[in-house]
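Trainee: I would like a close look at the salt bridges. Please describe the pairs together with their surroundings.

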Amino acid sequence: MRVGNLYPDFALDQINEKVFGKIVGKMINLTFFIWSFSTSSETIYYVGNFIETFWMPDTPLLALNILLAAVVIFTVRLGLETFTRTLEIFFIPVLLLLIVFLISNIPEANIQNIQPVFEDGAKPVIRATLFYVSVFTLSPVMFLMIFLSKVSERKKGGKAFYIGTLIGGIILILVIMLDILVLGPDTTARNIAPSYTMAKKINVGNFLMRIEAIIATIWIITTYTRAVMYFYVSVVVFSNIFNIKDYRPFTTALGMIMVFYSSIVFPTVSSSGKFNKNIWLFYVATYGLVMPLLLFITVKLKNIIKKHHHSLQC
């Protein structure tokens, strides 16, 4: 929010060039492009791997990745307004279904599954907490490519940004907490989709049961949203690096590379787990924490130097 307010008419990549100069700014933007592009590819992999594991084990992963990537590419080509209006339609049904899912799992919860607390000390708990907190506090740096530069009502946009981050964090914490309370820590840790497994246990009066397909659909919609955002940011940053105003011509070419990269990014499921555990936090913190702080401090120092220089002249 602070960085966005420094230059409210500019997107993040433009702010980088304005603050650090064209050459250094473009170099930073290139690494930012690599991060957003690689993360969009990883997101495509996660969806494809989930569908292959639970629904279509005989279907090649590449075919599933192509299907989702095609939808992502098509969405980005249609533009930001079409995408955001689509999310407005999805938001309420997804939120209501998530609430039903969470409430339906409460009877299955067992408080003993979280005991003993701090069995291995505080370090693994803090490390895991930082990982999950990074998902909804550091990843949103990509919204600086949209906010504030493309938002007409900036005060309302800022409020909505805070509320959205808060809702996302609360949902993530509640889902993780229920996963552990219902399935136990060992099953949750070993399972690539614990919430999907948890949904299979729901049975309310022998009437509401077997809703895992609904939960999987919700997860695919929300993950699709994440993939679109990362891919949109990567395409826009890439086009701006070469001073090309229209990003759409790059969507197909970069989309094809994204499909190829998604099929090789993680050789095995365990390798994706190792990446998330050991690398992701430092990777996302570089762009979600270090870069914004560096921008903010540099701008403030420049303003102090300018004021001091001006006062000396006077």
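Mentor: The following account takes the salt bridges pair by pair.

This is a predicted model, in which local features need pLDDT of at least 70 and side-chain atom pairs count only at pLDDT 80 or more, whereas totals for chains, interfaces and linings use all residues. Residues are numbered from 1 along each chain as its sequence is written, and side-chain values use heavy atoms, with hydrogens and water left out.

Side chains of opposite charge can pair when their charged atoms come close. A salt bridge here is a side-chain nitrogen of Lys or Arg within 4 Å of a carboxyl oxygen of Asp or Glu. Searching the whole structure yields five such salt bridges. One of them joins D9 to R154, with an N to O distance of 2.7 Å. This pair connects distant parts of the chain, 145 residues apart: D9 lies in the loop between α1 (2–6) and α2 (12–20), and R154 belongs to helix α7 (residues 154–183). Helices are DSSP runs of H or I with at least four residues, numbered from the N terminus.

Accessibility is described as buried (under 20% relative accessible area), exposed (over 50%) or partly exposed (in between), using a 1.4 Å probe and protein chains only. D9 is exposed because its relative accessibility is 55%, while R154, at 31%, is partly exposed.

Another salt bridge pairs E17 with K26, whose closest N and O atoms are 3.2 Å apart. K26 is buried at 18%, and E17 is buried at 16%.

D246 and R248 also form a salt bridge, with 3.6 Å between the closest N and O atoms. Here D246 is partly exposed at 38%, and R248 is partly exposed at 30%.

Terms used:
Helices (H or I, at least four residues) and strands (E, at least two) are DSSP runs, numbered from the N terminus.
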